[in-house]
Amino acid sequence: MIPRPLFSVAVLLVAVAAASTGDVDGCPASDRSALLAFRAALSEPYLGIFSSWKGKNCCSRWYGVSCDPTTGRVADITLRGESEDPILARAGHSGGLMSGRISPEICRLDRLTTLILADWKQISGPIPPCITSLPLLRILDLVGNRLSGSIPADIGRLSRLTVFNVADNQISGPIPSSLPALSSLMHLELSNNQISGTIPTDLGNLRKLSRALLGRNCISGVIPASVGHMTRLADLDLAENRISGEIPASLGFMPVLSSLYLGTNRLTGHIPAALLASRGLSILNLSRNAIGGDIPDVFGYRSYYTELDLSYNQLRGSVPKSLVTAAYVGHLDLSHNHLCGAIPAGSPFDHLEAASFTNNDCLCGGPLPAC
């Protein structure tokens, strides 16, 4: 017979072990029923990824589901349609396998920190507005589906959100005015949708943001000057929209900005000298706008451009001579402008093709015909 004190300790150890290994007590019935309601709104006939969603403990062996080991509550749902996961590799499929919609029942998982339902191609319907009631949500990744409707107006309530990705969907409507309230946001991707309206003037309040990818939408209005105050922003993509006005000079003073895509918009005015003189910028695409004036002659030994595309604008004057002092210029495109005069000799011009300079008013010299 085990002495009573030792028996009590043994019972306690068994209870602790059960909790740590995800016993039935580790998955509340309310969480389990919310997951099953979420699953019921989706159809995945090929892979059988939901075949593991059975039994009373959703914290143990339910594919794509993980729980907080302390509370036993569902914390993460990670379901990617395009990945190297063995379950996808065995089936020989690469996306387009799940349809249905995102059930509002997901909002009953009030301890959820991660929701990834990405690259399934056929999931449609709106983003449930109640998603903004999940106080701990840090990652919301719904890229690569057929979601429609608008971004929830009160998205700014998600104060802990670090990643918000709804790219490659059919989202329409405006960028919510509450979005700049996402004080923890680091990655914003809205590309390849049908988003319209203007960029919030206070977007620069997102001081932790490192990537803002909003290209290939129907966004209009101007680029807010506040964007230039985002000291951690490394990548900004606003290409293929309907953005007008001038390029804010403040963009040239952003300390870590390395790629800036503004091509295929309705931008006017001049190219800010500070932008071309930026020490960190390595990709700059301003093509297919209505930008005029001279190209600022401000390049130097710290200029390092893997891509510099100023084509299809209304630029005048000559090709900047200071480009020969740049540390590196890979792809350069000055075609379809109104440039004139001799193309400078030396690098990078000695490795560029004529296509980089065609359809200007009167450029001459290698690689074009001699002056």
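These are my notebook entries on the strands, one helix and the salt bridges of this structure.

**Entry 1: ground rules.** I am working from a predicted model, in which local features need pLDDT of at least 70 and side-chain atom pairs count only at pLDDT 80 or more, while totals for chains, interfaces and linings use all residues. Residues are numbered from 1 along each chain as its sequence is written, and side-chain values use heavy atoms, with hydrogens and water left out.

**Entry 2: the open sheet.** I looked up the order of the strands and found that 12 strands form an open sheet, in the order 2-3-5-7-9-11-13-15-17-19-21-23, with mixed pairing. The edge strands, each pairing on one side only, are strand 2 (65-67) and strand 23 (328-333). From one strand to the next the twist averages 10°. I noted that strands (E, at least two residues) and helices (H or I, at least four residues) are DSSP runs numbered from the N terminus, and that two strands pair if DSSP finds at least two bridges between them.

Inside this sheet I checked strand 11 (residues 187-189) and strand 13 (residues 211-213), which run parallel and are joined by 3 bridges. His187 stands opposite Arg211 in strand 13.

**Entry 3: strands 4, 6 and 8.** Strand 4 (residues 98-101) and strand 6 (residues 121-125) run parallel, joined by 4 bridges, and Arg101 stands opposite Ser124 in strand 6. Strand 6 also pairs in the parallel sense with strand 8 (residues 146-147), over 2 bridges, where Ser124 stands opposite Arg146.

**Entry 4: helix 2.** I then turned to helix 2, which has 12 residues and reaches 16 Å from its first C-alpha to its last, close to the 16 Å expected at 1.5 Å a residue (the expected span is 1.5 Å times one less than the number of residues). Which residues of helix 2 are buried? They are Asp31, Arg32, Ala34, Leu35 and Phe38, where buried means under 20% relative accessible area, exposed over 50% and partly exposed in between, with a 1.4 Å probe and protein chains only. The buried residues lie on the same side of helix 2 because they cover an arc of only 160° around the axis, the arc being that of the directions from the helix axis to the C-beta atoms. I recalled that an α-helix has 3.6 residues a turn, so residues three or four places apart point the same way. On the other side of helix 2, Ala29 and Ala40 are exposed. The cover over the buried residues includes strand 1 (42-43), strand 2, strand 3 and strand 5, with contact meaning heavy atoms within 4.5 Å.

**Entry 5: salt bridges.** I found 7 salt bridges in the structure, each being a side-chain nitrogen of Lys or Arg within 4 Å of a carboxyl oxygen of Asp or Glu. One of them joins the side chains of Asp110 and Arg73 (2.7 Å, N to O), linking the loop between strand 4 and strand 5 to the loop between strand 2 and strand 3, 37 residues apart. Asp110 is partly exposed at 34%, whereas Arg73, at 19% relative accessibility, counts as buried. Asp31 is linked with Arg73 and Asp110 in a network of salt bridges.

Asp235 also forms a salt bridge with Arg211, the closest N and O atoms being 3.5 Å apart. Asp235 lies in strand 15 (residues 235-237) and Arg211 in strand 13, so the pair ties together parts that are 24 residues apart in sequence. Asp235 counts as buried at 18% relative accessibility, and Arg211 as partly exposed at 32%.

Conventions: Axes fitted to C-alpha atoms, helices over the stretch in contact; angles between N-to-C directions.
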